[in-house]
Amino acid sequence: MSLVPPPNKLLLAIESSCDETAAAVIDRGRRVLSNVVSTQHELHERFGGVVPEIASRAHLERILPVIDEALRKANATKADLGAIAVATHPGLVGSLLVGLTAAKTLALVLDIPLLAINHIEAHIYACRMAAGRDVFPAVGFVVSGGHSNLYDCRSPVEFQLLGSTTDDAAGEAFDKVAQILGLDYPGGPQIEKIAKLGNATAVDFPRPFLNDARLDFSFSGLKTAVLYAARGTPGARAQPLPLTPQRIADLAASFQAAVVDVLIGKCDQTLKQTGRKTLLVGGGVAANSLFRQRLAELAMRRKVELIIAEREHCTDNAAMGALGWELWERGWISPLDLDVKPGLVRKPAV
Ligand code: KG4
Ligand code: ZN
């Protein structure tokens with residue numbers, strides 16, 4: 001097995017950490033030759049969130065067809081592959097295991113290196129893909145369904161966690177608030193859509209931790225504030241306003257404004273604290289238009305370069321597993337007895 005990337009070989013990246021089964025083929029120049037994502041939203045929608053057992057069963061059914069399609073779309077065969085990258089942490093244990101088992105099998109049969117990807121760091125690497133060039137050092141911000149993490153990224157593989165959520169992640173808050181308002185899962189896109197019809201100043205929701213020196217987040221209190229605004233505060237005499245379509249739109253817009261204020265405020269603090277001149281933003285919530293617009297304003301004000309992942313690379317995908325090239329080029333190859341690390345978020349800086 002060649003431990004350094006041989007010329008002309010391709011990387012196959014596999015992603016199955018939550019409810020998307022995905023595979024991508026990427027060349028050495030980080031060019032994405034194919035990017036196949038099979039989303040399971042339709043399976044989880046009626047539960048208002050991801051059901052782990054359903055997710056892992058669906059990954060099992062889809063993983064091989066998704067890999068085959070990625071190869072076909074890239075006009076490649078397994079013989080063209082030089083290494084397999086796979087998201088091994090963090091995520092749902094059963095879901096991660098399906099991707100890792102497929103990746104190990106391919107690596108073993110083809111006798112090529114296996115590369116372990118940190119899913120959150122890959123969300124930031126999606127910004128490197130959007131830029132098409134080296135973008136480090138930078139502040140990295142991952143705002144997804146599972147994480148709201150701020151990093152000082154010294155290089156594509158040296159991340160120091162500076163702040164994270166103490167309870168719900170921002171995307172999770174979007175999903176739960178959507179459920180309270182009777183909107184579909186995943187809630188982020190639904191709230192964004194309906195908020196366009198609402199008044200963002202209708203309800204002055206709390207901006208948790210906004211004036212706190214820490215770089216951490218807390219969104220569960222905000223979620224409860226939306227619940228009380230929608231259904232009434234327990235023990236209070238006053239009845240809540242009826243949940244008309246306009247009221248739902250007003251609550252969605254007011255909630256979105258509160259979350260975005262906090263995300264932008266913490267980003268601002270982090271840029272100030274680190275002095276970094278580049279800001280990288282990825283994860284599902286980075287698809288949100290208001291957030292993108294406010295990030296652009298912040299970058300202008302702070303005179304930093306802003307790189308947001310392309311919309312299709314914000315939500316879970318395997319193209320961001322191009323991070324595998326960075327590992328491969330450094331010879332950071334994983335053994336075949338590698339296991340998943342569902343809860344591991346923080347990787348010690350190297
Ligand atoms: O990165 P991702 O696909 O999965 C995780 O790694 O968690 O993020 C999914 C999250 C969901 O919570 C979803 O509601 C949120 O991203 N999301 C959005 C938008 N699109 C997806 N949140 C706000 N606005 C959006 N347009
Ligand atoms: Zn993700």
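1. The loop between β4 (81-89) and α3 (93-110) contains Pro90, and in this predicted model the peptide bond that joins His89 to Pro90 is cis, with omega at about -20 degrees. A reader who inspects the backbone of this loop, which runs from β4 to α3, may wish to begin with that bond between His89 and Pro90.

2. A second cis peptide bond is found between Tyr185 and Pro186, where omega is about -5 degrees. Pro186 belongs to the loop between α5 and α6, and both of these helices, α5 (170-180) and α6 (187-195), are among the elements that give two or more residues to the shell around ligand 1.

3. One further backbone detail concerns Asn8, whose phi is near 70 degrees and is thus a positive value in a residue other than glycine. Asn8 is placed in the segment before β1 (10-15).

4. Turning to the ligand, the space that ligand 1 takes up is the largest pocket. The elements that supply two or more residues to its shell are α4 (119-131), α5 (170-180) and α6 (187-195), and of the shell as a whole the largest share, 4 residues, comes from α6.

5. In total, 21 residues surround ligand 1, and the closest of them are Gly145, Asp175, Gly188, Glu192 and Asp316. Sorted by class, this shell holds 6 nonpolar, 12 polar and 3 charged residues.

6. Which domains each give at least three residues to the shell around ligand 1? Both domain 1 (10-126 + 316-329) and domain 2 (131-313) do so, and the assignment of domain 1 is written in two segments, 10-126 and 316-329.

7. Three polar contacts of ligand 1 deserve individual mention, two of them with the backbone and one with a side chain. An oxygen atom of ligand 1 lies 2.8 Å from a backbone N or O atom of Gly145, and a polar backbone atom of Gly171 is 3.0 Å from an oxygen atom of the ligand. On the side-chain part, an N or O atom of Glu192 is 2.7 Å from a nitrogen atom of ligand 1. With regard to cover, ligand 1 has 550 Å² of accessible area on its own, and the protein covers 91% of that area.

Conventions:
Residues are numbered from 1 along each chain as its sequence is written. Chains are lettered from A and ligands numbered from 1 in the order in which they are written. This is a predicted model: local features need pLDDT of at least 70, side-chain atom pairs count only at pLDDT 80 or more; totals for chains, interfaces and linings use all residues. Side-chain values use heavy atoms; hydrogens and water are left out. A residue is near a molecule or strand if one of its heavy atoms lies within 4 Å of it. A polar contact is a pair of N or O atoms within 3.5 Å; within protein, one must be able to donate a hydrogen and the other to accept it, and residues adjacent in sequence count only if both atoms are side-chain atoms. Accessible areas come from the Shrake-Rupley method with a 1.4 Å probe; for residues, only the protein chains shown count as cover. On a 1 Å grid over the protein atoms alone, a cavity is a set of points where a 1.4 Å probe fits but cannot get out, and a pocket is an open set with protein on both sides within 12 Å along at least five of seven lines; lining residues have an atom within 4 Å of a point. A molecule sits in a cavity or pocket if more than half of its atoms lie within 2 Å of its grid points. Ala, Val, Leu, Ile, Met, Phe, Trp, Tyr, Cys and Pro count as nonpolar, Asp, Glu, Lys and Arg as charged, and the others, Gly among them, as polar. Domain bounds come from an automatic or database domain assignment.
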